[in-house]
Amino acid sequence: MGRLGRPYHYVEETETTQALLGPDDPEGALAVARHQTAGRGRFGRRWEAPPGTSITASVLLRPAAGAPIQQLSLVGGLAVAETVEVALDLSAQLKWPNDVMVDRRKAAGILAEARDGIVVLGIGLNVNQTRGQLPEEARVAPASLRTVDGVERDLAPLLADVLARLELHYDAWTAGGLDTVFDGIGSRDFLRGRRVRVDGTEGVAGGLDRAGRLLVDGRPVESGEVELV
Ligand code: BTN
């Protein structure tokens with residue numbers, strides 16, 4: 001295992017792995033839970049999965065002061081998308097700013113939370129849930145790797161793969177910014193060419209700019225909640 005993933009904290013059950021890491025932990029510290037009782041997504045939403053069915057993990061990052069940390073959900077999303085692609089032998093897409101999509105469904109979400117000079121990057125990857133075990137009322141239709149190809153998988157090797165890829169992309173981003181990973185992100189853009197609404201503004205998504213902002217009718221959007229229209 002590389003730098004990301006150490007020290008490793010594993011718990012059977014916790015409210016959220018996001019709360020298991022803090023400023024006293026070193027960069028690379030990892031918290032993994034078999035079950036989260038109050039897993040959270042963006043905008044205060046819930047992130048739910050039956051015990052032992054999915055990857056629910058958080059990793060601590062210490063980007064340089066002033067670094068554009070909102071880009072980290074794309075960097076994390078790229079790592080997860082690549083892992084999903086290798087596992088399924090299918091292409092995956094990134095739905096800006098933090099969703100990993102397969103077959104037009106959301107298989108994973110990334111939650112980048114900044115506090116006290118650190119970033120806790122949460123990764124939720126649906127792996128072995130059956131269709132009936134995925135949240136019914138999700139805003140974006142959900143998938144797991146299993147609902148895509150019927151295969152049940154060990155979680156540990158998948159997580160190790162995500163972390164190895166994350167380390168590579170995070171180090172490149174740290175050294176050279178989003179440009180260094182942009183090709184992998186831009187080429188997987190799920191929204192490009194689709195009609196979207198972001199925080200009340202409607203238009204056609206024209207891809208991402210080099211800073212990782214979504215272009216809607218040519219205007220850059222920093223962050224927000226995208227709906228397909
Ligand atoms: C989203 O799609 O809104 C982001 C979902 C992030 C879920 C992961 S699971 C591990 C970590 N702990 C949490 O409570 N949330 C993140």
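User: Which residues line the largest cavity?
Analyst: This is a predicted model. The largest cavity holds about 60 Å³ of space. Its lining is made up of Arg34, His35, Gln36, Trp47, Glu48, Ala49, Pro50, Ser54 and Thr56.

User: Which element gives the most to the lining of the largest cavity?
Analyst: Two elements give two or more residues to this lining, β2 (30-36) and β3. The top contributor supplies 3 residues. That element is β2.

User: How do the residues of the lining of the largest cavity divide into nonpolar, polar and charged?
Analyst: Ala49 and Pro50 are among the lining residues, and these two types count as nonpolar. Glu48 is also in the lining, and Glu counts as charged. The full split is 3 nonpolar, 4 polar and 2 charged.

User: How many cavities of 30 Å³ or more does the structure hold?
Analyst: The largest cavity, at about 60 Å³, passes that cut-off. The count for the structure is 1.

User: Which pocket matches the space taken by the ligand?
Analyst: A molecule sits in a pocket if more than half of its atoms lie within 2 Å of the pocket's grid points. The space taken by the ligand is the largest pocket.

User: What volume of space lies in the largest pocket, and which residues are closest to its centre?
Analyst: About 590 Å³ of space lies in this pocket. Its lining counts 36 residues. Closest to the centre are Gly41, Arg45, Arg46, Trp47 and Lys106.

User: Which residues are the closest to the ligand?
Analyst: The shell around the ligand has 21 residues. By class they are 5 nonpolar, 12 polar and 4 charged. The closest are Thr16, Gln36, Arg40, Arg42 and Lys106.

User: How far is the polar side-chain atom of Lys106 from an oxygen atom of the ligand?
Analyst: Lys106 is among the closest residues to the ligand. A polar contact needs a pair of N or O atoms within 3.5 Å. Here the side-chain atom of Lys106 and the ligand oxygen are separated by 2.5 Å.

User: Which residue has a polar backbone atom 2.7 Å from a nitrogen atom of the ligand?
Analyst: Thr17 reaches a ligand nitrogen through a polar side-chain atom, at 3.2 Å. The contact at 2.7 Å uses a backbone atom instead, and it belongs to Arg40.

User: What share of the ligand's exposed area does the protein bury?
Analyst: One polar contact to the ligand comes from the backbone of Arg40. Taken alone, the ligand exposes 420 Å². The protein buries 97% of that.

User: Which element gives the largest share of the shell around the ligand?
Analyst: β3 (54-61), β6 (105-115) and β7 (118-126) each supply at least two residues of the shell. The largest share is 4 residues. It comes from β6.

User: Which residues are closest to the centre of the second largest pocket?
Analyst: This pocket has a volume of about 310 Å³. It is lined by 18 residues. The closest to its centre are Arg42, Ile69, Gln70, Ser73 and Ala112.

User: Which element gives the most to the lining of the second largest pocket?
Analyst: By class, this lining has 9 nonpolar, 6 polar and 3 charged residues. α1 (72-88) and β6 each supply at least two of its residues. The top contribution is 5 residues. It comes from β6.

Methods:
Residues are numbered from 1 along each chain as its sequence is written. This is a predicted model: local features need pLDDT of at least 70, side-chain atom pairs count only at pLDDT 80 or more; totals for chains, interfaces and linings use all residues. Side-chain values use heavy atoms; hydrogens and water are left out. A residue is near a molecule or strand if one of its heavy atoms lies within 4 Å of it. A polar contact is a pair of N or O atoms within 3.5 Å; within protein, one must be able to donate a hydrogen and the other to accept it, and residues adjacent in sequence count only if both atoms are side-chain atoms. Accessible areas come from the Shrake-Rupley method with a 1.4 Å probe; for residues, only the protein chains shown count as cover. On a 1 Å grid over the protein atoms alone, a cavity is a set of points where a 1.4 Å probe fits but cannot get out, and a pocket is an open set with protein on both sides within 12 Å along at least five of seven lines; lining residues have an atom within 4 Å of a point. Grid points are joined across faces, edges and corners, and a volume is the space filled by probe spheres set on the points.
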